[in-house]
Amino acid sequence: MLKKEGIRRYIGPKRIVFSTLLFCLIGLSWYLRQKGYLNPKVLIEFIGDYPLMAPFIFIAFYALALLVMIPTLPLNLGAGMLWGPLWGSFIAMAGSGLGVICAFTIARS
């Protein structure tokens, strides 16, 4: 196997895809913040309007946060504030379990 030299040693297709996805996620969050969708009042209204769908969206977002290595302490606290300490901890554990399963599956493939 040839040894890559210079900057090509650090930049590969996986890192380019990961960086692109990370920048898209940052841009999407900025856009949603500018439009007012990430306002806490809007999120609480969404949870009140869709009480069964909101935990599943939160679990998916939590798993995604684990995959891209975003600290999840604010998500744990937010789950406790939104759904109470008991249900919030169950929802956060489900999200962390799904994130760990996804990370393990990606690492094994």
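Helices here are DSSP runs of type H or I with at least four residues, numbered from the N terminus, and it is in this sense that Phe104 is said to lie in helix H4. The model is a predicted one, and what follows takes helix H3 as the point of departure before turning to its neighbours, to the cysteines and to several positions along the chain.

Helix H3 covers residues 53-67, and its length can be checked by simple geometry: at 1.5 Å a residue, its 15 residues should span 21 Å, and because the C-alpha atoms at its two ends are 22 Å apart, expectation and model agree. Along this helix, the residues that count as buried are Ala54, Pro55, Phe58, Ile59, Tyr62, Ala63 and Ala65. An α-helix has 3.6 residues a turn, so residues three or four places apart point the same way. As for what lies over the buried positions of H3, the cover includes helix H2, residues 40-49, and helix H4, residues 73-108.

Helix H3 also contributes to the surface. Phe61, Leu64, Leu67 and Ile106 together make a nonpolar surface patch of about 350 Å², and H3 supplies the largest share of that patch, namely three residues. One of the patch residues, Leu64, lies in helix H3 and has a relative accessibility of 37%, which means that Leu64 counts as partly exposed, since that class runs between the 20% limit for buried and the 50% limit for exposed. Another patch member, Leu67, can be related to Phe104, a residue of helix H4: the C-alpha atoms of Phe104 and Leu67 are separated by 9.9 Å, although the two residues are 37 positions apart along the chain. Phe104 itself counts as exposed, because its relative accessibility is 54%.

Just after H3 the backbone takes a turn of some interest, for Met69 has a positive phi of about 60 degrees there. Most residues other than glycine have a negative phi. Met69 has its positive value although it is not a glycine, and its place is in the loop between H3 and H4. With a relative accessibility of 67%, Met69 counts as exposed, because the cut-off for that class is over 50%.

On the other side of H3, the loop between H2 and H3 contains Pro51, which is exposed because its relative accessible area is 52%. The C-alpha atoms of Pro51 and Trp83 are separated by 10.0 Å, with their positions 32 residues apart in the numbering of the chain.

The cysteines can be dealt with by distance. The structure holds zero disulfides; Cys24 is in none, and the nearest cysteine sulfur to its own, that of Cys102, is 19 Å away. Seen from Cys102, the closest cysteine sulfur is that of Cys24, and because a disulfide needs the two sulfur atoms within 2.5 Å, a separation of 19 Å is too far for a bond. Cys102 counts as partly exposed, because its relative accessibility is 28%.

Two further residues, with their separations, complete the walk through the chain. Leu73 has its place in helix H4 and is exposed, because its relative accessible area is 55%; from Leu73 to Gly27 the distance is 22 Å, C-alpha to C-alpha, for a sequence separation of 46 residues. Arg15 belongs to helix H1, residues 13-35, and is likewise exposed, because its relative accessible area is 54%. Between the C-alpha atoms of Arg15 and Pro74, which are 59 residues apart along the chain, the separation is 26 Å.

Definitions and conventions:
Residues are numbered from 1 along each chain as its sequence is written. This is a predicted model: local features need pLDDT of at least 70, side-chain atom pairs count only at pLDDT 80 or more; totals for chains, interfaces and linings use all residues. Side-chain values use heavy atoms; hydrogens and water are left out. The expected span of a helix is 1.5 Å times one less than its number of residues. Buried means under 20% relative accessible area, exposed over 50%, partly exposed in between (1.4 Å probe, protein chains only). Contact means heavy atoms within 4.5 Å. Patches are made of residues with over 30% relative accessible area and no salt bridge: like charges are joined within 9 Å, nonpolar side chains (Val, Leu, Ile, Met, Phe, Trp, Tyr) within 5 Å. Accessible areas come from the Shrake-Rupley method with a 1.4 Å probe; for residues, only the protein chains shown count as cover. A salt bridge is a side-chain nitrogen of Lys or Arg within 4 Å of a carboxyl oxygen of Asp or Glu.
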